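User: I should like to learn how to read burial and helix geometry in a structural model. Could you guide me through an example?

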Amino acid sequence: SGTADGLIRQLVRTTEHCPYPVYGIDLYSDLIAWNPAVGGYYTDFGRQPPERRNMLRWLLEAPEAKQRLPDWKNDTRDVVARLRTMAAQHDGDRRLQALVEELSKSSPEFTQWWREHHVMGHGSRQRRFHHPQHGEQTLRLLVVRAPDFAPAIVVFHVPVT
């Protein structure tokens, strides 16, 4: 739905000058929008072809993910558990099933974690980063959802105080 994506783009655009990452992802973990800070903490998704701009694929497949996230295993396992929750809520979604099949073929870790049947809601949590300029940082991820753009979410990162 163009309107939902448009709202997410608008919301993320308001954080253009924020020093911390903010991004919007859809049900499939595809990035809808992200602010410039995402490049320093995660990667420059703008350099990737549009069909590869997917947070879960990046976490599982990019060697950079393991460099940027000191707790890569737990962080990625957590995202897989969240995907499982979404898959249960959207049972029968063919595109979601195709994503799960694709990741199962490309990532042994995904296959293992998917089989563990952990489910997890999109709640607030902490994530450690190794930022190329700012070094080690811990940020709290705040997941924002709204009826206007569900099931997509916007993820804000704020310093842990």
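Analyst: Let us begin with burial: a residue is called buried when its relative accessible area is under 20%, and exposed when that area is over 50%. The model shown is a predicted one. In helix α5, 13 of the 18 residues are buried, so by this cut-off the helix is mostly covered.

User: What distance should the 18 residues of α5 span?

Analyst: At 1.5 Å a residue, helix α5 (residues 72-89) should span 26 Å, and its end C-alpha atoms are indeed 26 Å apart. For α6 (residues 94-106), the expected span and the distance between the end C-alpha atoms likewise agree, at 18 Å.

User: Which residues of α6 are buried?

Analyst: The general idea comes first. An α-helix has 3.6 residues a turn, so residues three or four places apart point the same way. In α6 the buried residues are L96, L99, V100 and L103. Viewed down the helix axis, they fall within an arc of 100° and therefore line one face of α6. Their cover includes α3 (55-61), α5 and α7 (108-115). R94 and K105, on the other side of α6, are exposed.

User: What does D93 contact at the start of α6?

Analyst: A side-chain oxygen of D93 comes to within 3.0 Å of the backbone nitrogen of R95.

User: Is T15, in the loop between α1 (2-13) and β1, buried or exposed?

Analyst: T15 has a relative accessible area of 9%, so T15 is buried. Leaving aside residues up to four places away in sequence, T15 touches V22, N35 and F156.

Note on methods. Residues numbered from 1 in each chain as written. Predicted model: local features only at pLDDT ≥ 70, side-chain atom pairs only at ≥ 80, totals over all residues. Heavy atoms only, no water. Helix = DSSP H or I, 4+ residues; strand = E, 2+ residues; numbered from the N terminus. Expected span 1.5 Å × (residues − 1). Buried < 20%, exposed > 50% of the residue type's maximum accessible area, 1.4 Å probe, protein only. Contact = heavy atoms within 4.5 Å. Arc of directions from axis to C-beta. Polar contact = N/O pair within 3.5 Å; in protein donor to acceptor, adjacent residues only side chain to side chain.
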